[in-house]
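Open your viewer and get your selection tool ready. We will make a few stops, and at each one you can pick out the residues as they come up.

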Amino acid sequence: MAAAAWERFVGHRWLPKAAVVVLAAVLVAAFLLVRSERRDAHNAGVLETACGGVLPRETVRGLLPGDETWELRSDLDLTGPSGRGPRTLVRCSLDWGEYGGLELAAVPVLDVPLRGVRPGDILSAGTAKEPDRATAYRTATTQVTVGCPAGLLGYPRPVTRFRVHASLNHDDGSEVAGAAKELATVVTAVADHVRDRGGCGGPAVKPSDVRPGPGRVTEDSEDSDGVPRACRWFRPGMLDGRAWGRDDQEPRGVTGDDADVCSLRVPRAKPASRLDHFAGVSSVSWRGLLLPEARTAYGAELAALSPAPEPKSGEKSYVLAVWAESSCSGARTLSRVRVETAVSALAADRADRVLDAYLASSDCRAVKVLGKVWK
């Protein structure tokens with residue numbers, strides 16, 4: 001009977017072919033199911049270990065393509081006591097395809113050592129070339145700078161800040177649009193991991209603290225008009241000047257944790273003499289660790305402060321420095337504004353107003369003018 005049934009089956013016009021098709025489909029489905037289960041298990045293991053196992057798994061799983069196999073590369077976690085301070089605290093990369101990947105890193109903010117505290121010294125340090133690992137945050141999808149009041153261990157100079165940044169790209173290398181909100185959660189988790197392991201203290205990081213990389217901001221950039229942030233308080237009209245032209249020297253400025261510096265030269269709108277074509281202004285404020293160094297570097301000038309009567313005429317240029325102490329954004333601050341003009345009366349008349357504008361722009365309170373000195 002079985003033989004007869006088999007004969008009928010084999011002799012059927014289309015039934016054997018259909019059976020082969022069904023069997024092949026079942027085998028393919030089984031193969032795909034097994035492969036999918038293995039891929040899911042592999043990806044789950046990757047999430048458990050990546051970046052020290054601190055990534056929010058559901059958030060990251062929602063960001064990454066579920067039909068791809070993720071590979072963990074460049075996994076590194078050097079947070080916590082580890083002897084000499086590392087250049088990179090956390091680094092991990094989850095890759096798929098040819099170019100797709102989630103890249104995340106946490107690095108200490110290592111300020112360029114200053115050769116001195118005068119404006120020229122600070123400006124030189126501010127323009128020094130930094131390594132790629134220190135500047136990668138500028139073009140990242142999201143990034144945050146985190147305070148570490150207790151300081152990270154193992155560094156020759158105090159390190160009281162670190163940065164965490166993350167980027168997410170498609171397989172073709174293009175950035176994944178609309179991922180910033182979820183990435184902020186990922187960046188926050190890693191930032192708090194570094195804070196806890198490093199014994200930083202201070203407030204916890206919130207997703208609202210995370211921002212786009214500063215190099216990605218264009219129209220809304222604070223420096224979109226070419227004027228450094230440290231110089232944006234100045235207006236050419238303060239010294240009867242005109243707006244900077246294409247051929248005029250551009251302002252130079254640096255904004256840092258312990259000092260802000262601006263140096264600029266403004267073309268005079270109506271020169272009073274053949275020497276009166278430009279007026280110069282520099283501003284500098286010192287805070288924190290640089291305060292005692294500034295007082296030492298400018299000890300002779302601070303000792304010579306007085307109401308500063310106007311000097312005798314006949315010089316090619318006149319330089320008047322005005323000093324003040326204040327509290328700026330809650331920090332004790334020492335500030336100096338230097339005005340250079342070809343006419344002494346202009347410097348004497350405007351220096352106080354220039355200082356007031358400078359301090360007001362930094363939300364400085366309890367201002368005490370220490371005095372002036374002609375240079």
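Where is the place of Asp-240? Select Asp-240 and you land in the loop between α6 and β6 (252-255); helices (H or I, at least four residues) and strands (E, at least two) are DSSP runs, numbered from the N terminus.

Before going on, a word on the model: it is predicted, local features need pLDDT of at least 70, side-chain atom pairs count only at pLDDT 80 or more, and totals for chains, interfaces and linings use all residues. Residues are numbered from 1 along each chain as its sequence is written, and side-chain values use heavy atoms, with hydrogens and water left out.

**Two backbone stops**

Most residues other than glycine have a negative phi. Asp-240, not a glycine, has a positive phi of about 50°. Because its relative accessibility is 36%, Asp-240 counts as partly exposed (buried means under 20% relative accessible area, exposed over 50%, partly exposed in between, with a 1.4 Å probe and protein chains only).

Now select Ala-366, in strand β11 (residues 364-374). Ala-366 is not a glycine either, yet has a positive phi of about 50°. At 68% relative accessibility, Ala-366 counts as exposed.

**Into the core**

Next, show the largest nonpolar core (buried Ala, Val, Leu, Ile, Met, Phe, Trp, Tyr and Cys residues joined through side-chain atoms within 4.5 Å). Of its 39 residues, those touching the most other members include Leu-55, Phe-162 and Val-164. Elements giving two or more residues include α2 (15-49), β3 (100-108) and α6 (180-198). The largest share, 7 residues, comes from α6.

Apart from this core lies another, of 27 residues, among them Trp-233 and Cys-364.
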